[in-house]
Amino acid sequence: MAQFMVVLDVSIVNVALPRIETALGLDVTASHWVVNAYTLVFAGLLLLGGRVADLYGHKRTLLAGLALFSTASLVGGLAGGQETLVAARAAQGLGAAVLAPATLTVVGTAFEGAARTRALAIWTGVGLAGGTAGNLVGGLLTQTVSWRAVLLVNVPIGVVAAWLARCLPCDRARTRPRLDLPGAALAVAVLVCGTFGLARAGTHGWSDPATVTALLACGCALALFVPVQTRWASHPLIPPRLLAHGQVARGNVIALVAGACLSPMWFFLAFSMQQVLQLGPLLTGLGFLPHTLLAIVFGVVVTPRLLHRVRGHTLLGVGALVAAAGFVWQSRLTPESGYLVGVLGPAVLIGVGSGLLNTPVTLAATSGVPRADAGAASGLLNTTKQVGAVLGLAVLTTVAQPAFAGPADLARGYGRAFAAMAAALLVVAVLAFTSPAVAATSDRDGLRSTR
């Protein structure tokens, strides 16, 4: 439930954004930050959240994250202006950064062998379900209740999840808790400055003083982050031994590039269906169902079975190629396409492709990691996915830059974004096919991971 809620809020505001713009008087840039205030803080603090789970215990971390996330959702649902809404979304991101690594750590350390692969597939499937449920629930609540309900709905979910979490065992930290706060601050600075600089460059050009300043600040923060993690921090957010693990490093690079496509997809599809095809919020939410149903079926049912027979990197490459073909098709959307040809057809390829590649990526980035670093590995994987999502949205928004004159102009702009997603997934396919085998479902891999 906690993981479902975290992923739900990545997409639940997408369908509601046009109504939020009208209600609070937001422009396109402000709408962009309603989305990125959540994903930026989420991505920037995931590494810290992963270490919190390792040092303070999974149950305590999970409960604290649920409390923070639910409270921030309440504040956002009652917001009267864009400043309060963006601040609440940022606080949600902080809660999500604590929750997501804890959920993956609990799942990853509780099972062995083939059971671990199935459990991780279900964890991945819950995330996929949350992504599309966000669009569906967001459209339903926006059209029948209010845009505020898309945030307030998290409160009862969080309360129930916290009540259920009491059954988890009380694990205690093995070492004295020490958090790398300078590293966390630098990670956030890298993401915020980098995203702002890229977004600013798209609207004001690369020579704009604010653009140059933001990108220079991003570079400086990144230059400081590396020695903090490798030399100065006694308990770094990213233990150097993790990055020395070749499979973990490759898995995270692939997750970064894939995240730059699969997460921003929801943002651009929501606007495409409403502004190009002129669908209402509820029909837009329903329009995402094929993406999720196919991704869940292939991710939870088909992929774990295929991993018994096919190497993980092969599934990764095939999934990336299938999804890339779907995005090429999606880039051809026009106002005359209609839902069946313009959205449902590409959805089949995108859903199947993403379902094939998600679980192998998770296995690649978390297998063979010592138990003491399980939280850090989970935080690193979630971070790379969210960093990809944040940077992908910033870059793709710049690539799209539609002229807001009519549906045809919007379709051409969004088409450029989908074409760029297809190109990025081709990169994922190349990385997959040229990398050593990704861990599959053998008992040996699972036992080594657990030990």
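Which residue has its charged end over the ring of Trp163? That residue is Arg166, and its charged end sits 4.1 Å from the centre of the Trp163 ring. Before going on, please keep in mind that this is a predicted model.

I will stay with Trp163 for a moment. Trp163 belongs to helix α8, which covers residues 154–164. Is Trp163 buried or exposed? Its relative accessible area is 52%, and exposed means over 50%, so Trp163 counts as exposed. Trp163 also takes part in a nonpolar patch on the surface, together with Met1, Val160 and Leu164. The area of that patch is about 400 Å².

Now to the aromatic rings. How many aromatic pairs does the structure hold? There are 8. One of them is Phe268 with Tyr414: the ring centres are 6.1 Å apart and the planes stand at 65 degrees. Planes over 60 degrees apart count as edge-to-face, so this pair is edge-to-face. Phe268 sits in helix α13, residues 264–276, while Tyr414 sits in helix α19, residues 407–433. The two residues are 146 apart along the chain, and the pair links these distant parts.

Both of these residues are covered. Phe268 has a relative accessible area of 2% and is buried. Tyr414, at 6%, is buried too.

Phe268 has another partner, Phe418. Here the distance is 6.5 Å from centre to centre, with 70 degrees between the planes, and this pair is again edge-to-face. Because Phe268 lies in helix α13 and Phe418 in helix α19, the pair ties together parts that are 150 residues apart in sequence. Phe418 has a relative accessibility of 1% and counts as buried.

What do the ring pairs make when they are followed from residue to residue? They link Phe267, Phe268, Phe271, Phe327, Tyr414 and Phe418 into a cluster.

My last stop is a polar residue, Thr384, in helix α18, which runs over residues 374–400. Why does Thr384 count as buried? Its relative accessibility is 12%, and the cut-off for buried is under 20%.

Which side chain does Thr384 contact? The answer is Asn252: a polar contact of 3.1 Å joins the two side chains. A polar atom of the Thr384 side chain also lies 2.8 Å from the backbone oxygen of Leu381.

To recap, Trp163 is exposed, with the charged end of Arg166 over its ring. Phe268 is buried and pairs with Tyr414 and with Phe418. Thr384 is buried, and its side chain is in polar contact with that of Asn252.

Key. Residues are numbered from 1 along each chain as its sequence is written. This is a predicted model: local features need pLDDT of at least 70, side-chain atom pairs count only at pLDDT 80 or more; totals for chains, interfaces and linings use all residues. Side-chain values use heavy atoms; hydrogens and water are left out. Patches are made of residues with over 30% relative accessible area and no salt bridge: like charges are joined within 9 Å, nonpolar side chains (Val, Leu, Ile, Met, Phe, Trp, Tyr) within 5 Å. Accessible areas come from the Shrake-Rupley method with a 1.4 Å probe; for residues, only the protein chains shown count as cover. A salt bridge is a side-chain nitrogen of Lys or Arg within 4 Å of a carboxyl oxygen of Asp or Glu. Helices (H or I, at least four residues) and strands (E, at least two) are DSSP runs, numbered from the N terminus. Buried means under 20% relative accessible area, exposed over 50%, partly exposed in between (1.4 Å probe, protein chains only). Rings of Phe, Tyr and Trp (its six-membered ring) pair if their centres lie within 6.5 Å; planes under 30 degrees apart count as stacked, over 60 as edge-to-face and the rest as tilted. A charge sits over a ring if NZ of Lys or CZ of Arg is within 6 Å of the ring centre and within 35 degrees of the ring normal. A polar contact is a pair of N or O atoms within 3.5 Å; within protein, one must be able to donate a hydrogen and the other to accept it, and residues adjacent in sequence count only if both atoms are side-chain atoms.
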